[in-house]
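Visitor: I would like to go through this structure residue by residue, with a reason behind each reply. Please begin when it is on display.

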Amino acid sequence: MKRVLFFLLVALTGTMAKAQRADTSIVLRLPADQPTVARLKTRLVELAMENPQIKALDIKKQITKYDENRAKAGWLDMIVASGNLNEFTIKGSGTTNNNTLYPRYNFGINVPLGHLISIPNEVKTAKANGKVFEQQKEGEKLALKSAVLRAYEDYATNKQLYELQLPLLEDAYNHYKQTEQKFSKGDQNTAVEGLNDAYRIYNAEMVRKVNLERDVKQSKIVLEAIIGTTMEEVLLHL
């Protein structure tokens with residue numbers, strides 16, 4: 001029974017050790033010096049400002065400018081031009097007689113009283129909508145700046161926790177392997193319980209490592225969704 005348990009533990013730990021060595025490549029090397037970190041954060045904020053939400057607000061603001069111009073054009077609808085069309089106004093005949101219609105041309109301004117109120121209000125509404133979208137844009141920019149900086153701090157923290165976990169996992173693994181070797185050589189002081197305890201410690205550290213690895217990946221996904229590119233690309237051109 002002891003030998004069966006021993007071989008099962010060897011198989012399981014061998015598989016986990018391979019996974020441990022393979023998965024360390026998920027961690028990027030982030031800058032540690034403060035000037036470079038500050039430059040990285042500035043670049044992340046710049047990328048966040050290219051978010052489609054910001055561009056959509058720019059388009060909406062431009063639409064309000066078109067609305068304002070269209071409202072102003074309402075004043076031109078009040079200007080009317082008319083004329084008497086006959087053989088004299090068309091041909092420009094030099095002869096005169098009593099049948100000539102005067103005045104030949106008429107210009108005037110038609111002023112519906114309601115337009116004196118509606119047109120200025122439409123212009124003011126369009127301008128006000130433009131200011132609303134501008135304020136909304138500023139609010140979105142502040143929110144995105146806060147979001148991208150929080151996302152970076154989450155990613156950097158999770159990455160650091162992951163890196164701090166690796167030596168603990170390595171120690172637990174080495175302790176288990178040493179216990180395993182002593183057990184395989186028939187060391188009377190190494191009982192099955194001791195081997196099981198060493199394995200449980202190592203397994204607990206592996207669980208923490210897997211959870212931290214997941215946190216690193218998820219926080220990286222959140223950050224990259226905000227900046228619209230990968231962290232690898234950002235760090236490459238920093």
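Visitor: Leaving aside neighbours within four places in sequence, which residues is S219 in contact with?
Guide: The model is a predicted one. S219 lies in helix α6, which spans residues 192–227. With neighbours within four places in sequence set aside, the contacts of S219 are D154, Y155 and N158.

Visitor: Is S219 buried or exposed?
Guide: The relative accessible area of S219 is 8%. The cut-off for buried is under 20%. S219 therefore counts as buried.

Visitor: Which backbone oxygen does the side chain of S219 reach?
Guide: S219 belongs to helix α6. Its side chain comes to 2.8 Å from a backbone oxygen, and that oxygen belongs to D215.

Visitor: Which residues does V216 contact, apart from those within four places in sequence?
Guide: V216 also lies in helix α6. At 1% relative accessibility it counts as buried. Its C-alpha atom is separated by 9.2 Å from that of Q160, 56 residues away along the chain. Once neighbours within four places are left aside, the contacts of V216 are Y155, N158, K159 and Y162.

Visitor: Is Q218 buried, partly exposed or exposed?
Guide: Q218 has its place in helix α6. The C-alpha atoms of Q218 and Y155 are separated by 8.4 Å, with their positions 63 residues apart along the chain. The relative accessible area of Q218 is 44%, and the class running from 20% to 50% is partly exposed, so Q218 is partly exposed.

Visitor: What separation is found between the C-alpha atoms of D197 and Y176?
Guide: D197 is another residue of helix α6. It is partly exposed, with a relative accessible area of 36%. D197 and Y176 are 21 residues apart along the chain, and their C-alpha atoms are separated by 8.6 Å.

Visitor: Which residues is I227 in contact with, neighbours within four places in sequence left aside?
Guide: I227 is placed in helix α6. It counts as buried at 5% relative accessibility. The C-alpha atom of L144, 83 residues away along the chain, is separated from that of I227 by 9.4 Å. Outside the four-place neighbourhood, the contacts of I227 are L44, L47, A48, V148 and V234.

Visitor: Which element gives the most to the largest nonpolar core?
Guide: The largest nonpolar core has 24 residues, and those with the most contacts inside it are L44, V148, Y152, L223, I227 and M231. Two or more residues of this core come from each of α2, α5, α6 and α7 (231–236). The element giving the most, with 8 residues, is α5.

Visitor: What does L223 touch, not counting residues up to four places away in sequence?
Guide: L223 is among the residues with the most contacts inside the largest nonpolar core. With residues up to four places away not counted, L223 touches L44, V148, A151, Y152, Y155 and M231.

Visitor: How many residues are in the other core?
Guide: This core lies apart from the largest one. Its members include A172, F183, A198 and Y202, and its size is 11 residues.

Visitor: Which element supplies the largest share of the lining of the largest pocket?
Guide: About 180 Å³ of space lies in this pocket. Its lining divides into 5 nonpolar, 2 polar and 4 charged residues. At least two lining residues come from each of α2 (34–48) and α5 (115–184). The largest share, 7 residues, is supplied by α5.

Visitor: Which residues is T36 in contact with, leaving aside neighbours within four places in sequence?
Guide: T36 has its place in helix α2. Its relative accessibility is 16%, and it counts as buried because the cut-off is under 20%. With neighbours within four places left aside, T36 is in contact with P31 and L238.

Visitor: What pattern does the protein chain follow along the sequence?
Guide: The chain has 238 residues, of which 31% count as buried. Among contacts between residues at least 6 apart in sequence, 82% join residues at least 24 apart. The secondary structure comes to 7 helices and 2 strands. Read along the sequence, the pattern is α-α-α-β-α-β-α-α-α.

Notes:
Residues are numbered from 1 along each chain as its sequence is written. This is a predicted model: local features need pLDDT of at least 70, side-chain atom pairs count only at pLDDT 80 or more; totals for chains, interfaces and linings use all residues. Side-chain values use heavy atoms; hydrogens and water are left out. Helices (H or I, at least four residues) and strands (E, at least two) are DSSP runs, numbered from the N terminus. Buried means under 20% relative accessible area, exposed over 50%, partly exposed in between (1.4 Å probe, protein chains only). A polar contact is a pair of N or O atoms within 3.5 Å; within protein, one must be able to donate a hydrogen and the other to accept it, and residues adjacent in sequence count only if both atoms are side-chain atoms. Contact means heavy atoms within 4.5 Å. On a 1 Å grid over the protein atoms alone, a cavity is a set of points where a 1.4 Å probe fits but cannot get out, and a pocket is an open set with protein on both sides within 12 Å along at least five of seven lines; lining residues have an atom within 4 Å of a point. Grid points are joined across faces, edges and corners, and a volume is the space filled by probe spheres set on the points. Ala, Val, Leu, Ile, Met, Phe, Trp, Tyr, Cys and Pro count as nonpolar, Asp, Glu, Lys and Arg as charged, and the others, Gly among them, as polar. A nonpolar core is a set of buried Ala, Val, Leu, Ile, Met, Phe, Trp, Tyr and Cys residues joined through side-chain atoms within 4.5 Å.
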